[in-house]
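Welcome! Please work through these short exercises with the structure open beside you, and try each task before reading its solution.

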Amino acid sequence: GLILAVAGNAVGLGNFLRFPVQAASNGGGAFMIPYFIFFLLVGIPLMWMEWGIGKYGGKFGHGSSPGMFDVLWKNKISKYFGALGLFVSTIIMIYYTYIESWTLGYSFLTITKSYFGLENFELMKSFLYSYQGRETSHFFDGLTTAYIFFLITFVLNFWVLYRGISKGIEKLAKIAMPLLFLFAIIIAIRVITLGTPDPSQPENSIANGFGFIWNPDFSKLDDPKVWLAAAGQIFFTLSLGMGTIHAYASYLKPKDDIALSGLATASTNEFAEVVLGGSIAIPLSVAFFGIATTTAMAKGGSFDLGFASMPLVFEKIPFGEIFGFLWFLLLFFAGITSSVAMGQQVMAFLEDEFGFSRKKSTIVF
């Protein structure tokens with residue numbers, strides 16, 4: 001349950017939206033060279049360090065980074081360094097929960113075919129931007145729809161946190177993580193079996209889609225920005241430097257193996273990101289729209305790719321509303337397992353350092 005929860009913390013929207021865009025924009029297969037170098041030399045060691053710090057702090061009754069840092073380094077300023085973890089988690093959770101709510105909203109909009117009939121990328125972008133409140137159009141009457149799904153998402157997050165570790169977070173992880181992988185595998189298999197959707201355009205095929213994301217452009221390897229992007233993705237995808245892993249690791253028992261647990265978490269995340277995340281959005285987009293259009297979509301960022309190009313694809317395939325529903329629900333599960341992890345550290349801080357009850361710390365947070 002704990003490993004699934006920490007894996008849920010790591011597996012987030014970045015695995016299925018950010019990673020494909022980063023890989024496609026930074027040399028395709030060549031991007032994976034610095035990516036795996038940083039995974040091995042930075043990602044796994046830092047994962048072990050955070051599991052180690054968390055387990056050690058947990059022995060002294062601390063479930064958040066300020067208390068853990070205070071135990072590690074007997075200095076007045078140590079706990080303030082730890083407080084950076086609380087700050088980062090809280091700030092990210094504020095906006096991440098809202099983005100997460102878009103995935104829940106879009107799962108409903110897909111199963112009800114609300115955007116079906118919008119036949120080009122610009123119209124679909126206009127639908128998305130209208131939903132987000134970035135532009136005014138006839139698609140939505142203000143932000144009411146977006147805020148309804150945000151409030152549902154907000155309540156779900158804090159209900160899980162209020163329920164506690166075993167009855168809330170662990171139970172969520174045991175349900176959401178297997179479903180997430182099941183949905184991702186179903187969609188990936190559907191993508192792989194699509195072949196060439198339009199025989200009159202043989203260059204637009206799933207094979208060329210995989211080629212676009214995985215064929216290496218080695219000329220990009222002398223660009224420092226590619227290496228920086230790869231390192232950044234490792235921090236982003238493994239949720240390093242945020243204090244969330246510390247919080248979960250504080251619940252380890254004395255004889256629990258942090259090396260194996262850390263590797264299991266990192267490996268689960270990489271399977272979700274590289275194998276599944278790299279097999280859905282970009283290959284599917286190339287198969288339907290071609291490499292030039294997909295490149296332009298990728299330059300628009302992760303949200304344009306996930307919320308504008310993918311819905312266009314779902315319109316074009318049989319049972320698209322079902323596959324689309326699964327896609328956005330999988331993103332929602334990836335999101336909520338990450339956001340509750342961000343919240344848990346703050347909740348643990350309020351409980352451990354101020355003696356608040358679970359109910360009081362939930363209300364204060």
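**Exercise 1.** In which helix is Phe-333 found, and is Phe-333 buried or exposed?

Before solving, note that this is a predicted model, where local features need pLDDT of at least 70, side-chain atom pairs count only at pLDDT 80 or more, and totals for chains, interfaces and linings use all residues. Residues are numbered from 1 along each chain as its sequence is written, and side-chain values use heavy atoms, leaving out hydrogens and water.

*Solution.*
- Step 1: Phe-333 lies in helix 16; helices are DSSP runs of H or I with at least four residues, numbered from the N terminus.
- Step 2: Phe-333 counts as buried because its relative accessibility is 14%. Buried means under 20% relative accessible area, exposed over 50%, and partly exposed in between, with a 1.4 Å probe and protein chains only.
- Step 3: Leaving aside neighbours within four places in sequence, Phe-333 is in contact with Ala-176, Leu-179, Leu-180 and Phe-183. Contact means heavy atoms within 4.5 Å.

**Exercise 2.** Which helix gives the most to the largest nonpolar core?

*Solution.*
- Step 1: The largest nonpolar core has 106 residues. Such a core is a set of buried Ala, Val, Leu, Ile, Met, Phe, Trp, Tyr and Cys residues joined through side-chain atoms within 4.5 Å.
- Step 2: Helix 16 (residues 320-354) gives the most to this core, with 15 residues.
- Step 3: Trp-327 is one of the residues with the most contacts inside the core. Not counting residues up to four places away in sequence, Trp-327 touches Phe-16, Leu-17, Ile-187, Ile-280, Ala-281, Gly-306, Met-310 and Phe-314.

**Exercise 3.** At roughly what angle do the axes of helix 7 and helix 16 cross?

*Solution.*
- Step 1: The axes of helix 7 (residues 144-163) and helix 16 cross at roughly 50° and come within 9 Å. Axes are lines fitted to C-alpha atoms, for helices over the stretch in contact, and angles run from 0 to 180 degrees between N-to-C directions.
- Step 2: Helix 7 is therefore oblique to helix 16. Angles under 35 degrees count as roughly parallel, over 145 as roughly antiparallel, 65 to 115 as roughly perpendicular, and the rest as oblique.
- Step 3: Among the residues that meet here are Leu-156 and Val-160 in helix 7, and Ile-336 and Val-340 in helix 16.

Terms used:
Helix = DSSP H or I, 4+ residues; strand = E, 2+ residues; numbered from the N terminus.
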